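Hello,

Here is the structure I promised to pass on to you. Have a look at it first, and then read my notes underneath.

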Amino acid sequence: MFEKILELDKELLIFLNGLGSPAFDGMWLIITKQAYWAPLFLIVFYLLQKNLGWKNFGYYILLTALLILVCDQTANLFKNSFERLRPCNDEQIKGIIRIVKSSSSFSFFSGHATNSMATTVFTFMILKKFYKHAYLLFLFPLIFAYSRIYLGLHFPSDILTGYAFGAIFGLICYKFYLKFIIHNS
């Protein structure tokens with residue numbers, strides 16, 4: 001059963017990765033770097049500060065930094081425990097897929113997917129009461145994490161597992177924020 005899931009995961013990767021073309025490679029290399037998302041982050045930070053005030057915004061930044069640290073370390077722990085090769089290093093498929101970027105670290109599960117989903121869930125939970133269309137924030141982890149498949153760096157299961165861990169961590173962080181930060185403000 002587990003082997004069948006891994007085979008389906010590889011087949012889905014081959015399909016999704018194969019949708020790319022050299023004309024779009026540069027765009028996806030930009031999308032995969034967090035620094036290029038800075039304008040979006042600054043807009044979100046502005047909206048948060050405007051609605052929360054400086055003190056609670058400061059707590060938000062602190063908790064977000066801790067959230068990213070926890071997500072990164074959890075993803076690294078899993079990567080080093082499972083030692084699943086990235087698609088770009090998998091001998092069975094690396095000659096079939098488009099490899100736009102390579103990495104020698106392990107694949108399971110995606111830190112990009114975990115961090116982007118965790119911070120988005122945390123941020124969405126705060127902003128949804130202020131903005132009707134706050135759900136649009138979820139475009140960030142969807143596009144950001146897909147870039148990892150496009151580039152040949154992650155399998156779909158790496159992304160989906162990262163999303164699951166990220167969503168859980170983001171909700172826990174939000175509950176902590178409500179209980180200890182907002183409740184005591």
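**Aromatic rings**

Phe45, Trp54, Phe57, Tyr60, Phe122 and Tyr177 are joined into a cluster by ring pairs. Please keep in mind as you read that this is a predicted model. Across the whole structure, a search turns up 21 aromatic pairs.

Let me take you through one pair from the cluster, Trp54 and Phe57. Their ring centres are 6.1 Å apart and their planes meet at 75°, so this pair is edge-to-face; the label applies to planes over 60 degrees apart. Both residues belong to helix H3, which covers residues 38–82, and they are three residues apart, about one turn of the helix. Are these two residues buried or exposed? Trp54 has a relative accessible area of 64%, so Trp54 is exposed. Phe57, at 10% relative accessibility, counts as buried.

Now try Phe165 and Phe169. Here the ring centres lie 6.2 Å apart with the planes at 50°, so the pair is called tilted. These two are found in helix H6 (residues 156–182), and because they are four residues apart there, about one helical turn separates them. Phe165 is partly exposed, at 25% relative accessible area, while Phe169 is buried, at 18%. The cut-off for buried is under 20%, so the value for Phe169 falls on the buried side.

**A charge over a ring**

What sits over the ring of Phe155? It is the charged end of Arg84, placed 3.8 Å from the ring centre.

**A patch on the surface**

You can also look for a nonpolar patch on the surface, formed by Tyr135, Leu136, Leu139, Leu142 and Ile143. Together these residues have about 460 Å² of accessible area. One of them, Ile143, is in helix H5, which covers residues 139–150. With a relative accessibility of 33%, Ile143 counts as partly exposed.

**A buried threonine**

Last, please find Thr114 in helix H4 (residues 111–127). Its relative accessible area is 0%, so Thr114 is buried. Which backbone oxygen lies 3.5 Å from a polar atom of the Thr114 side chain? That oxygen belongs to Gly162.

Happy exploring, and do write back with any questions.

Best wishes

Definitions and conventions:
Residues numbered from 1 in each chain as written. Predicted model: local features only at pLDDT ≥ 70, side-chain atom pairs only at ≥ 80, totals over all residues. Heavy atoms only, no water. Phe/Tyr/Trp six-rings, centres within 6.5 Å; stacked < 30°, edge-to-face > 60°. Buried < 20%, exposed > 50% of the residue type's maximum accessible area, 1.4 Å probe, protein only. Lys NZ or Arg CZ within 6 Å of the ring centre and 35° of its normal. Patch = residues over 30% accessible without salt bridge, like charges linked within 9 Å, V, L, I, M, F, W, Y side chains within 5 Å. Areas by Shrake-Rupley, 256 points an atom, 1.4 Å probe, with all protein chains shown as cover. Salt bridge = Lys/Arg side-chain N within 4 Å of Asp/Glu carboxyl O. Polar contact = N/O pair within 3.5 Å; in protein donor to acceptor, adjacent residues only side chain to side chain.
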